[in-house]
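Trainee: Could we go through this model and check why each label is used? I'd like to see the values set against the cut-offs.

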Amino acid sequence: MGLKNMKQLGTLYFFCGKMGAGKSTKSKQLAIDKHAVLLSEDEWISSLYPNQVTSFEDYLKFSAQIKPLVKKHVQNILSVGTDVVMDFPANTQKLRKWFLDMASEVNASHQVIFLNINNEQCLRQIAQRRSEQPQRAAFDTEAVFIHVTSFFEAPVASEGLNILELNGKAQTSTPLKNCFLRDR
């Protein structure tokens with residue numbers, strides 16, 4: 001089998017971090033930097049289920065409903081050699097396994113970017129987001145942050161993931177951008 005017959009697969013990029021850690025901001029920048037397809041869970045859910053997410057339980061229900069379609073869609077994109085950046089949370093081992101399976105089932109590579117940000121910084125960013133996006137004020141509260149954070153599990157090496165960890169000190173676009181530009 002010559003090189004012309006070898007199929008180049010895309011890479012799946014996804015994010016782990018507490019609510020307000022900057023996953024959406026970083027995913028948008030990474031998609032630009034990598035010339036990748038960006039898929040946002042918030043956009044999918046708000047388009048498919050407009051005005052129906054009024055609680056964390058609603059979010060969990062609708063998130064579970066779209067996952068089979070999203071998985072197939074992402075695998076198709078990866079299979080034609082296009083990178084995919086997913087603005088979907090990978091905040092538990094179970095969710096990260098979903099991402100890992102999505103990539104490995106089509107033999108694509110992956111990278112999880114762990115935004116290891118402390119609670120105070122997350123809450124500051126959530127407050128800023130609330131002021132910039134008033135429509136999110138009902139959901140973006142400290143009470144919701146505390147509830148959602150209670151489910152958070154930091155990624156560990158035993159999960160078999162390619163993990164890039166960024167902490168609060170690396171919360172500028174430069175470190176993230178530079179680490180991905182090296183393989184272009």
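Mentor: Sure, starting with salt bridges: the term means a side-chain nitrogen of Lys or Arg within 4 Å of a carboxyl oxygen of Asp or Glu. Keep in mind that this is a predicted model.

Trainee: What makes Asp101 and Lys97 a salt bridge?

Mentor: Their closest N and O atoms are 2.8 Å apart, and the limit is 4 Å, so the pair qualifies. Both residues sit in helix H4, four residues apart, or about one turn of the helix.

Trainee: Why is Asp101 called partly exposed?

Mentor: Its relative accessibility is 23%. Buried means under 20% and exposed means over 50%, so a value in between gets the middle label.

Trainee: How many salt bridges does that rule give?

Mentor: Five. One of them joins Lys67 and Glu41, with the closest N and O atoms 3.6 Å apart, so that pair is also within the 4 Å limit. Lys67 belongs to helix H3 and Glu41 to helix H2 (residues 41–48), so the bridge ties together parts 26 residues apart in sequence.

Trainee: And which parts does the bridge between Arg96 and Glu159 tie together?

Mentor: There the closest N and O atoms are 2.8 Å apart. Arg96 is in helix H4 (residues 93–104), while Glu159 is in the loop between helix H6 (142–149) and strand S5 (163–167), so the linked parts are 63 residues apart in sequence.

Trainee: Are those charged partners buried or exposed?

Mentor: Lys67 and Glu41 are buried, and Arg96 and Glu159 are both buried too. For each of them that label means under 20% relative accessible area. Across the chain, buried residues make up 45% of the 184 residues.

Trainee: Why is H2 called roughly perpendicular to H3?

Mentor: The two helices pack at an angle of about 110 degrees, with their axes 10 Å apart. Angles from 65 to 115 degrees count as roughly perpendicular, so the label fits. On the H2 side the contact is made by Glu41, Trp44, Ile45 and Leu48. H3 contributes a list that includes Tyr59, Phe62, Ile66, Lys67 and His73. Glu41 and Lys67, the salt-bridge pair, are thus part of this contact as well.

Trainee: What makes a set of residues a nonpolar core here?

Mentor: The residues have to be buried, of a listed nonpolar type, and joined through side-chain atoms within 4.5 Å. The largest such core has 47 residues, and Leu12, Val74, Met86 and Phe99 have the most contacts inside it. Helix H3 (residues 56–79) supplies the largest share, eight residues. Leaving out residues up to four places away in sequence, Phe99 touches Leu12, Phe14, Met86, Phe88, Pro89 and Ala90.

Trainee: What is unusual about phi at His35?

Mentor: Most residues other than glycine have a negative phi. His35 has a positive phi of about 55 degrees, and it is not a glycine. It lies in the loop between helix H1 (23–34) and strand S2 (37–40).

Trainee: Where is Asn51 found, and why does it count as exposed?

Mentor: Asn51 is in the loop between H2 and H3, and its phi is also positive, near 60 degrees. Its relative accessibility is 80%, and His35 has 65%. The cut-off for exposed is over 50%, so both residues earn the label.

Methods: Residues numbered from 1 in each chain as written. Predicted model: local features only at pLDDT ≥ 70, side-chain atom pairs only at ≥ 80, totals over all residues. Heavy atoms only, no water. Buried < 20%, exposed > 50% of the residue type's maximum accessible area, 1.4 Å probe, protein only. Contact = heavy atoms within 4.5 Å. Axes fitted to C-alpha atoms, helices over the stretch in contact; angles between N-to-C directions.
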